[in-house]
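Biologist: I would like to go through some labels used for a protein model and hear the reasoning behind each one. Please keep the answers plain.

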Amino acid sequence: MATSLPQSFYRAEQVREGEQAVARALDIPMYQLMLRAGQAVFDSINQYYPNAARLLIVCGAGNNAGDGYVIARLAKSAGLNVTIWSLVAPEKLSGDAATAWQEWQDCGGSVIKTQPTVTQFDVIVDAMLGTGLSRAVEGDFAQAVRVINHCHVPVVAVDIPSGLCANSGCVKGVAIAADITVTLIALKQGLLTGQAVTHRGELIFAGLNVATAFARQAEPAGQLISDDIKTQCLPPRARSAHKGQFGRVLCLGGDHGMAGAVTLCAQAALRTGAGLVKVVTQKDHTLMLVTRQPELMTQSWAPGQSLGDALSWATHIVIGPGLGRSAWSDALWTIALSARLPKVVDADGLNKLARQPQHRDDWILTPHPGEAARLLGCEVKEVELDRFAAVKAIQTRYGGVVLLKGAGTIVYDGTDYAVANVGNPGMASGGMGDVLSGVIGSLLAQGVDLFSAATLGCYLHGKAGDYAAQAGERGLLASDLFPYLQQLVD
């Protein structure tokens, strides 16, 4: 994703209403904004595909098509060979889109209405459907999307890839798989998470010289997690600092056969600055833990034994990594819930919570889509259809702060949304979530509030994954993140 994206994002209806309000406030005709939009997309085509000579612009109806006609006129004036494939009769266009079509005609441009041989073009511009899409793409539009997606020609989407929901990011039947998406005036939340991350390609923002004014008109739906969050939440340590000032994290988990999960969690807490970290686990795992990481404290535990001393010692709890689904894990879970300490709940802790729901304000829940579906009693596909709605539903039901993992991780605390702008497909491997829960637990222990700990933890985790992936995404291991985590928190 481009680094110049604005921090705030909005729902589609906010953008539609806000751009009209900005145009009125600045006394700018809406058609002037369309001209600026076309210029911004054409500039991006020149920047990314400077050798492109043959341009196919696929137009539908509405203002997205109007942008396409503006792009066509600019490209023709620059000497490119331009073809417009219109999926609707352009005579039916109205308003600014009709004006743009008329200007295309006035400069000698024409339109074809039958499918061309798309492979003969250097770049295809998707100007079919905009942000107002509310139902599944079908008919000629669906066929055009399929043809474009299978032609292996670079695709530039105008504002949003056709077929994506601008609010949820889900695919409405079929959707363009763009190489570049030039989104206009304000950042739409649906471009930031879930399926949209696959379909948008590189995301480029064009404010059309009204972005600042727009931001004054509309309250954001949420914020991207910014690069400066670390300095906001983790100021430099005093030279007189000591470990007692940075919390005591108690990691609970590691049932038989799953010691690695709680080990990764505890190591991540150490590597990101927790003062002290203790692991409560099965007896036969304690030697392995201290051999792997001698800085860790360990305590074996069995049902019937007391955990009072460990809970009195701790300032924060992380429970779930490698917890399992045995009688041992059930008993440990029950004891942990009785402790009035802030908690990070992950993995099998979330599965237990799904079976015995309760609402608390002092925990951070970190589900992946499968765990989110269990927490909500629905199918995974329902979670992925609208990740913003899913994370809100989990928070409403269970309280605290919820971090819904996946492409474009979302954090929600009942009031504010934050979305991650970091991470890569190489992080889709075992143990990554365990590392994340340890990072968040460590930040809590260092005095960071719940929402900030979740957002900063997500940022540090994803950024470390991006650094580690410079050596390659396939085969990336959760433990590969540790050296980068240490650098990032310093």
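The questions below concern ring pairs, charges over rings and burial in this predicted model.

Biologist: How many aromatic pairs are there in the whole structure?

Modeller: A search finds six aromatic pairs.

Biologist: Why is the pair of Tyr-10 and Phe-214 called edge-to-face?

Modeller: The ring centres are 4.9 Å apart, and centres within 6.5 Å make a pair. The planes stand at 85 degrees; an angle over 60 counts as edge-to-face, so the label applies.

Biologist: What makes this pair a tie between parts apart in sequence?

Modeller: Tyr-10 belongs to strand 1 (residues 8-10) and Phe-214 to helix 7 (residues 211-217), so the pair links parts that are 204 residues apart in sequence.

Biologist: How do you know whether Tyr-10 is buried or exposed?

Modeller: Its relative accessibility is 4%. Buried means under 20%, so Tyr-10 counts as buried. Phe-214, with a relative accessible area of 1%, is buried.

Biologist: Why is the charged end of Arg-237 said to sit over the ring of Phe-246?

Modeller: The charged end is 3.4 Å from the ring centre, and the distance cut-off is within 6 Å, so that part of the test is met. Lys-278 lies over the face of Trp-313, at 4.9 Å from the ring centre.

Biologist: Why is helix 13 described as largely enclosed?

Modeller: Seven of the eight residues in helix 13 (residues 348-355) are buried, so the rest of the structure largely encloses this helix. Leu-350 and Leu-353 are among the buried residues. Elements that the buried residues pack against include helix 12 (327-338) and helix 16 (387-398).

Methods:
Residues numbered from 1 in each chain as written. Predicted model: local features only at pLDDT ≥ 70, side-chain atom pairs only at ≥ 80, totals over all residues. Heavy atoms only, no water. Phe/Tyr/Trp six-rings, centres within 6.5 Å; stacked < 30°, edge-to-face > 60°. Helix = DSSP H or I, 4+ residues; strand = E, 2+ residues; numbered from the N terminus. Buried < 20%, exposed > 50% of the residue type's maximum accessible area, 1.4 Å probe, protein only. Lys NZ or Arg CZ within 6 Å of the ring centre and 35° of its normal. Contact = heavy atoms within 4.5 Å.
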